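Dear colleague,

Please find the structure below, handed over for your use. A short account of the findings comes after it.

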Amino acid sequence: MAKRPTKIDRLREMGMLNPQPERVRAPWFEVAGFFDANDLLQVKYEMLRHARQDGVTKAEAAELFGVSRPTFYQAEAAFEQAGLAGLLPRPRGPKSAHKLTPEVMSLIHDLHREGAPIQARALAQVVQQRLGVMVHPRSIERALARKKKR
């Protein structure tokens, strides 16, 4: 029988597990109950609420909740921009094939014949030689597969 995931497992999976829950010193997090120092979303929200509603300085709130001042300011900006959703983790890294500009894709399409096997490694070398752009062969394969789907 499969083990049922714990709250810690779910927080880790969502990227919301506080890496240093022991640094949270707010008294209401020390008592077992509603507040959980492992829940990074809850910690950040309570930190912002404490600074705004209870009149402590941002530096004091950051220290009490075990985060740096830059982390406080990032959380504050994200919350002001997007509300609670702004405190959720966002995927890191590029959001698209940013190196595959129209110029690069035009060259790839010119070199690749429809129906022929994809020689992505060779295409990547030509792109680097002609345009000076390093593109991973797998990125080329995915771009050609996307084109084929359309």
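The notes that follow cover the aromatic rings, the nonpolar cores and the main pocket.

This is a predicted model, in which local features need pLDDT of at least 70 and side-chain atom pairs count only at pLDDT 80 or more, while totals for chains, interfaces and linings use all residues. Residues are numbered from 1 along each chain as its sequence is written, and side-chain values use heavy atoms, with hydrogens and water left out.

Across the whole structure, six aromatic pairs were found (rings of Phe, Tyr and Trp, the last by its six-membered ring, with centres within 6.5 Å; planes under 30 degrees apart are stacked, over 60 edge-to-face, the rest tilted). In one of them, the ring centres of F29 and F35 are 5.1 Å apart and the planes stand at 45°, so this pair is tilted. W28, F29, F34, F35 and F65 are linked into a cluster by ring pairs.

F29 is buried, at 8% relative accessibility, whereas F35 is partly exposed, at 23% (buried means under 20% relative accessible area, exposed over 50%, partly exposed in between, with a 1.4 Å probe and protein chains only). Beyond residues up to four places away in sequence, F29 touches V24, F35, D36, A37, Q42, V43, E46 and F65 (contact means heavy atoms within 4.5 Å). Q42 lies in helix α3 (helices are DSSP runs of H or I with at least four residues, strands runs of E with at least two, numbered from the N terminus). With 15% relative accessibility, Q42 is also buried; outside its neighbours within four places in sequence, Q42 contacts F29, F34, F35 and D36.

The largest nonpolar core (buried Ala, Val, Leu, Ile, Met, Phe, Trp, Tyr and Cys joined through side-chain atoms within 4.5 Å) has 20 residues, of which V24, F29, M47, L48, F65 and F72 touch the most other members. Two or more residues each come from α3 (40–53), α4 (58–64) and α5 (69–82), and α3 gives the largest share, six residues. Another core, of 13 residues, lies apart from this one and includes M105, I108, L123 and L144.

The lining of the largest pocket (a pocket is an open set of points on a 1 Å grid over the protein atoms alone, where a 1.4 Å probe fits, with protein on both sides within 12 Å along at least five of seven lines; lining residues have an atom within 4 Å of a point) comprises 22 residues, with L40, K44, L87, P89 and R92 nearest the centre. α5 contributes the most to this lining, four residues.

With kind regards
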